[in-house]
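Subject: Structure for you to look at

Hello,

I am passing on the structure we spoke about, and my notes on it follow below. Please keep it open beside you while you read.

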Amino acid sequence: MTSKPYQLFYWPIPGRAEAARVALSLANLDWEDVLLDSELYASMKSNGELPWGMVPLLKTPEGGLAESIAILRYVGHMCNLTPESAFMAAKVDEFIDGISPHFSILEGTFGIDDINERTKAREALFLPDAKGTKGLKLLEKKIQESPTSWIAGTKEMSIADLMVFTYTFGLFSGNFDGVYASVLSDYQVLLEYHDVMANEPRIKAHYAELPEGSLCWTYQPGAFTN
Ligand SMILES: N[C@@H](CCC(=O)N[C@@H](CS)C(=O)NCC(=O)O)C(=O)O
């Protein structure tokens with residue numbers, strides 16, 4: 001670990017930290033991506049460094065900040081992904097708060113130890129009328145309702161886009177047993193949104209070079225269509 005002014009602590013997966021990672025990079029902050037192992041996590045937890053006992057945690061020159069969305073909102077100001085208009089900034093917050101409950105698609109499956117049971121439980125989430133299907137359909141509806149290319153109806157890309165893009169397509173990276181990239185072929189509207197986000201110049205540059213085996217291939221242009 002270094003002594004960079006900003007340090008983001010999270011597991012070595014996209015998960016709840018990926019949107020903040022992109023925002024930190026777009027903000028050109030001097031920051032370190034601290035990838036946790038269970039030992040470091042346990043020591044941070046027992047030292048009382050995690051306000052709610054969970055990660056991600058962002059250490060800043062002003063102190064530690066937990067909760068993935070609070071971190072995203074904070075960094076969003078520094079990378080101009082929060083609209084200047086107070087009303088539009090609130091619409092972005094409204095979108096994030098409204099969509100968040102629909103993002104806990106895999107909740108309840110992490111505790112299933114048997115891999116076959118876990119795989120079956122997750123496959124079932126994407127059957128007609130199941131939780132995953134409903135969540136993806138809701139997102140498509142929201143994309144279609146937006147008067148702009150961006151999910152919360154902003155003129156430019158916002159932190160809501162970072163959240164939706166990183167969370168939704170991160171689900172299909174192959175990191176989760178029973179969640180297959182092929183599911184997305186039924187969601188053309190989502191795939192068009194992926195195309196918009198993955199080709200946004202700052203996002204495209206951010207993911208242009210990935211280490212071997214990175215789960216972030218899902219954020220590259222053509223990830224689900226090539
Ligand atoms: N509302 C929190 C939830 C964070 C959360 O669930 N973090 C998980 C990792 S993805 C965690 O730290 N779990 C450890 C635990 O529950 O002990 C956020 O969005 O940051």
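**Two domains and a core**

The domain assignment divides the protein chain into domain 1 (6-78) and domain 2 (86-219), and please bear in mind as you read that this is a predicted model. The centres of the two domains, taken over C-alpha atoms, are separated by 20 Å, and the contact between them takes 13 residues from domain 1 and 12 residues from domain 2.

Which helices supply the side of domain 1 that touches domain 2? Both α1 and α3 give at least two residues each to that side, and α1 provides the largest share, with 6 residues. By kind, the residues of this side of domain 1 divide into 8 nonpolar, 3 polar and 2 charged.

The other thing to look at is the largest nonpolar core, which has 49 residues, and in which Ala20, Ala23, Leu72, Ala160, Leu162 and Met163 touch the most other members. At least two residues of this core come from each of several elements, among them β1 (6-10), α1 (18-26), α3 (68-78) and α7 (159-170), while the largest share, 8 residues, is that of α7. Domain 1 and domain 2 each contribute at least three residues to this core. In soluble globular proteins, it is a general tendency for nonpolar side chains to be buried together.

If you would like one residue to start from, try Ala23, which, leaving aside residues up to four places away in sequence, touches Leu72, Val75, Gly76, Cys79, Leu81, Ile159 and Leu162.

Best wishes

Technical notes: Residues numbered from 1 in each chain as written. Predicted model: local features only at pLDDT ≥ 70, side-chain atom pairs only at ≥ 80, totals over all residues. Core = buried A, V, L, I, M, F, W, Y, C linked by C-beta atoms within 7 Å. Buried ≥ 20, exposed ≤ 12 C-beta atoms within 10 Å, placed from the backbone. Helix = DSSP H or I, 4+ residues; strand = E, 2+ residues; numbered from the N terminus. Domains from an automatic or database assignment. Contact = placed C-beta atoms within 7 Å. Nonpolar A, V, L, I, M, F, W, Y, C, P; charged D, E, K, R; others polar.
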